[in-house]
Amino acid sequence: MINIAIVGTSKISQDFAQAIEKVEGCKLLVIYSRNYEKGLEFGKNYNIKDIVTDFEILCKREDIDMVYLASPNSIHFKQTIELLKNKKHVLCEKPMGINVQEIEEMYKVAYENNVTLMEAMKNTFLPNFKSIQENLYKIGEIRGFIGNFCQYSSRYDNLKNGELTNIFDPNFGGGSHLDLGVYPLYFALRLFGMPQNTKIFNYTLSSGVPGIGSVILEYKNMISSIIFSKITNSYIGSEIQGENGSILIDSISNLENIKIYYRNGEIENITVPQEQNSMIYELKAFLDLIKNKKVESDINTKEISKKVIEILTKK
């Protein structure tokens with residue numbers, strides 16, 4: 001049985017706590033929050049009364065095997081290093097680090113302590129990601145990919161009213177590129193490999209972080225366009241374009257509805273069943289890594305994590 005601690009009490013932590021309830025071989029033991037009352041309120045939903053407010057104490061707890069880290073982006077590095085040095089397996093929310101050097105050091109410490117480390121990018125583990133991989137040949141030579149994740153944030157209204165929140169604060173690793181851009185970019189790198197050239201364009205907000213942006217990936221025989229925004233909504237999905245047809249993806253983060261539109265007018269639904277809570281699959285994959293005593297995932301690799309953050313923070 002793998003005993004898990006969750007760091008953070010946001011919506012994504014709630015989703016992960018619910019995933020733990022559905023996966024065998026693990027249990028939620030501890031909630032870490034700087035605010036005890038907030039942690040206690042979070043824990044009530046999962047019958048957890050063990051709330052820790054001191055991070056050093058959390059690291060020293062011998063009854064904790066694994067930590068799911070969902071703290072602000074800017075402190076992922078410091079917290080992850082401390083946990084790894086205390087022999088804790090760490091599943092760290094994306095982006096794992098805010099620069100390449102941080103990610104390199106994280107994995108160095110993970111290997112030194114023989115513990116598992118992985119970036120929590122969920123879409124690469126979903127059954128529908130595998131379905132896309134298996135059906136990709138049907139659309140012929142791949143020429144283009146449009147990866148789209150634009151979702152208006154209510155916190156943008158706060159920013160326009162003069163209130164700076166974490167998601168738009170550069171001191172907390174905020175910005176649409178690190179919050180949303182990671183999803184389609186990670187997807188592209190995992191599916192198509194490393195590009196030959198990259199360019200990034202951002203509209204920078206008054207707080208100093210990207211509100212909307214675009215990344216161009218140049219491959220030998222195709223072009224990939226990544227679009228991300230927290231100051232506008234988009235009502236279209238993502239698309240892989242081949243010479244014989246296109247694969248349409250409704251949600252790049254959850255991959256819930258996948259169809260092939262062939263050039264001859266035919267439509268094929270290649271969606272396969274998957275759990276509503278899409279975090280279940282990355283949790284299962286991470287537990288398998290621990291079981292097999294592997295430091296690094298073959299799917300969410302160190303190299304992809306490094307390339308994603310390198311591209312998104314390129315000047």
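Reader: Happy to start with a strand pair: which residue stands opposite Val-90 in E6?
Author: A word on the model first: it is predicted, local features need a pLDDT of at least 70, side-chain atom pairs count only at pLDDT 80 or more, and totals for chains, interfaces and linings use all residues. Residues are numbered from 1 along each chain as its sequence is written, and side-chain values use heavy atoms, with hydrogens and water left out. The labels refer to DSSP runs numbered from the N terminus: helices (H or I, at least four residues) and strands (E, at least two). With that settled, the residue in E6 opposite Val-90 is Leu-117.

Reader: How many bridges join E5 to E6, and which helix does the chain pass through on the way?
Author: E5 covers residues 89–93 and E6 covers residues 117–120; the two run parallel and are joined by four bridges. Two strands count as paired if DSSP finds at least two bridges between them. The β-α-β crossover is right-handed, a term that applies if, with the strands pointing away from the viewer, the path from the first strand over the helix to the second runs clockwise. The helix on this path, spanning residues 100–113, is H5.

Reader: Which residues are joined by a cis peptide bond?
Author: The bond has an omega of about -10°. One partner, Pro-95, sits in the loop between E5 and H5. The cis bond joins Lys-94 and Pro-95.

Reader: Which residue in H10 does Glu-104 of H5 meet in a salt bridge?
Author: A salt bridge here is a side-chain nitrogen of Lys or Arg within 4 Å of a carboxyl oxygen of Asp or Glu, and the structure holds 15 of them. For Glu-104 the N to O distance is 3.7 Å. H10 covers residues 302–312, so the pair ties together parts that are 198 residues apart in sequence. The partner of Glu-104 is Lys-302.

Reader: Are Glu-104 and Lys-302 buried, exposed or partly exposed?
Author: With a 1.4 Å probe and protein chains only, buried means under 20% relative accessible area, exposed means over 50%, and partly exposed is in between. Glu-104 has 32%, so Glu-104 is partly exposed. Lys-302 has 18%, so Lys-302 counts as buried.

Reader: Which residue of H5 forms a salt bridge with Glu-112?
Author: Both partners lie in H5, four residues apart, about one turn of the helix. Glu-112 is exposed at 52% relative accessible area, while the partner is partly exposed at 45%. Their closest N and O atoms are 2.8 Å apart, and the partner is Lys-108.

Reader: And how far apart are the closest N and O atoms of Asp-157 and Lys-160?
Author: These two are three residues apart in H7 (residues 154–160), about one helical turn. Asp-157 is partly exposed at 33%, and Lys-160 is exposed at 52%. The distance between their closest N and O atoms is 3.8 Å.

Reader: What is the strand order of the open sheet of eight strands?
Author: The pairing in this sheet is mixed, and the twist averages 10° from one strand to the next, using lines fitted to C-alpha atoms (for helices over the stretch in contact) and angles that run from 0 to 180 degrees between N-to-C directions. The edge strands, each pairing on one side only, are E8 (197–204) and E14. The order is E8-E9-E10-E7-E11-E12-E13-E14.

Reader: Which residue in E10 is the bridge partner of Ile-212?
Author: E9 (residues 210–218) and E10 (residues 223–229) pair in the antiparallel sense over seven bridges. In E10, the partner of Ile-212 is Ser-229.

Reader: Which residues make the nonpolar surface patch of about 250 Å²?
Author: Patch residues have over 30% relative accessible area and no salt bridge; like charges are joined within 9 Å, and nonpolar side chains (Val, Leu, Ile, Met, Phe, Trp, Tyr) within 5 Å. Areas come from the Shrake-Rupley method with a 1.4 Å probe, and for residues only the protein chains shown count as cover. One member, Ile-267, is found in E14 (residues 267–269) and is exposed at 52%. The patch is made by Leu-248, Tyr-261 and Ile-267.

Reader: Last one: what is the phi of Lys-293?
Author: Lys-293 lies in the loop between H9 (280–291) and H10, and is exposed at 69% relative accessibility. Although Lys-293 is not a glycine, its phi is positive, at about 55°.
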